[in-house]
Amino acid sequence: MKQETTSKGYSAKAKSPSVKPNILMFGYVIYFILLAPYFIAPFVWNIIDREIGPVLTSLIAQVIFIVPGIIYLLHVKFCEKRSVTEMLSIRSLSWKNALYISIITLAFAQTYSLLGLAIPFLLGDVQMPSSSLAVWQYFLMGAIIATIFEEFVFRGVLWGEYRNHNVSFWKIALATGLFFGLIHGGIVSVADTTFSGIFLYAPLIYITRSIWAPVIHHAIVNGRWGLHPVNFVSSQAEYEAFMPTYLIIMGIIVAILIPLAVICAKKFWKHNQHNHIAKKDLPKESIAFRLTYWALIVAMLVAIVLFGV
């Protein structure tokens, strides 16, 4: 029997959350740690990288990462008789929401990028960073493939299972956000992506009830790396000469985008505030759910400390 859902995307017949989504998340974390290129098997991935290059290696890693999600969706479809489309939140996104999200994301991403480049430049650090990918590869792997595959797992399979059990927003955001940060490796990257997962991607799907909202945000954030100044120069001298002009242009763009983003953020909330679910309207969590949930969170924090540095 298919699970009925409300227009807000939560179960119509609220039930106390079970340990099932926590077990699914914990299993996925273990699977990733065993196979990830950053952790247990780096030597294997290094060999693959040398043989076929970073683009194909990244693609293989992404495909391997989504395999458990595909298997679980088959279970949902044929064993539990639930809607895969509903679980993945594949709902239409209005053009207004798409426009608001695009402008807000551009403002956020460009401001972050500007600060990340301007502060070292002003401090005298103008060392040209290395770049192993062409511009088209950044857009293909970052804005398209990585975006689709990662959103399928985090704001699709995992988010959908927690939502199906009527778990509160912040608990879903924390669990999926920590895991989202964990997969990126490196303490700076972990901190950046964990913050984004909890406070950017999670609110987008929660407010709109559509996976296309975080997909748009994710694609723009990843795609901006193709516009990094290192992709337009070929030497350290060219990089140093190009940076002042680049920073001025970026500053003008950011100055225009920020006021627009503030206006869009207000309109975005007003357009979607009817989707907010009050905590009092959610079912009471069982002790088993709470114990397994916080054990999961602690396990991911420990994994970040051990493997993120």
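1. Apart from neighbours within four places in sequence, F179 is in contact with M25, Y28, V29, F32, F65, F154, L158 and M300, where contact means heavy atoms within 4.5 Å. F179 and Y162 touch the most other members of the largest nonpolar core, which holds 61 residues. Such a core is a set of buried Ala, Val, Leu, Ile, Met, Phe, Trp, Tyr and Cys residues joined through side-chain atoms within 4.5 Å. Helix α6 (residues 135-164) gives the most to this core, with ten residues. A second, separate core has ten residues, among them A118, V233, M250 and V254.

2. The basis of these values should be stated. This is a predicted model, in which local features need pLDDT of at least 70 and side-chain atom pairs count only at pLDDT 80 or more, whereas totals for chains, interfaces and linings use all residues. Residues are numbered from 1 along each chain as its sequence is written, and side-chain values use heavy atoms, with hydrogens and water left out.

3. The protein has eleven helices and zero strands. Its order along the sequence is accordingly written α-α-α-α-α-α-α-α-α-α-α. Helices (H or I, at least four residues) and strands (E, at least two) are DSSP runs, numbered from the N terminus.

4. On overall dimensions, the radius of gyration is 21 Å, which agrees with the value near 19 Å for a compact globule of 309 residues. This radius is taken over C-alpha atoms, and the globule rule is 2.2 Å times the number of residues to the power 0.38. Along the principal axes, the C-alpha atoms fill a box of roughly 65 × 50 × 30 Å. Of contacts between residues at least 6 apart in sequence, 81% join residues at least 24 apart.

5. Of the 309 residues, 46% count as buried. Buried means under 20% relative accessible area, exposed over 50%, and partly exposed in between (1.4 Å probe, protein chains only). The accessible surface comes to about 15500 Å², and carbon and sulfur atoms account for 73% of it. Accessible areas come from the Shrake-Rupley method with a 1.4 Å probe; for residues, only the protein chains shown count as cover.

6. The charged side chains number 23 positive and 14 negative, and the centres of the two sets lie 16 Å apart. Lys and Arg count as positive and Asp and Glu as negative, while His and the chain ends are not counted. The place of a charge is taken as NZ of Lys, CZ of Arg, CG of Asp or CD of Glu.

7. V254, one of the members of the second core, lies in helix α10 (residues 236-272). V254 is buried because its relative accessibility is 7%. Beyond residues up to four places away in sequence, V254 touches Q110, T111 and L114. V254 and L114 are 140 residues apart in sequence, yet their C-alpha atoms are 8.2 Å apart in space.

8. T105 is placed in helix α5 (residues 95-122). With a relative accessible area of 2%, T105 is buried. Its contacts, leaving aside neighbours within four places in sequence, are H217, I220 and V221.

9. H228 belongs to the loop between α9 (212-223) and α10. Although in a loop, H228 is buried, at a relative accessible area of 12%. H228 is in contact with L117, P129, Y239 and Y246, again without neighbours within four places in sequence.

10. I64 is in helix α3 and is partly exposed, with a relative accessible area of 28%. Residues up to four places away in sequence not being counted, I64 touches Y31, L35 and W45. The C-alpha atoms of I64 and L35 are 8.4 Å apart, and these residues are separated by 29 places in sequence.

11. Two backbone conformations merit a check. Most residues other than glycine have a negative phi. K81, which is not a glycine, has a positive phi near 60 degrees; K81 lies in the loop between α3 (54-78) and α4 (84-87). N166 likewise has a positive phi, of about 60 degrees, without being a glycine, and is found in the loop between α6 and α7 (169-182). Their surroundings can be stated as follows: K81 is partly exposed, at 45% relative accessibility, whereas N166 is buried, with a relative accessible area of 3%.
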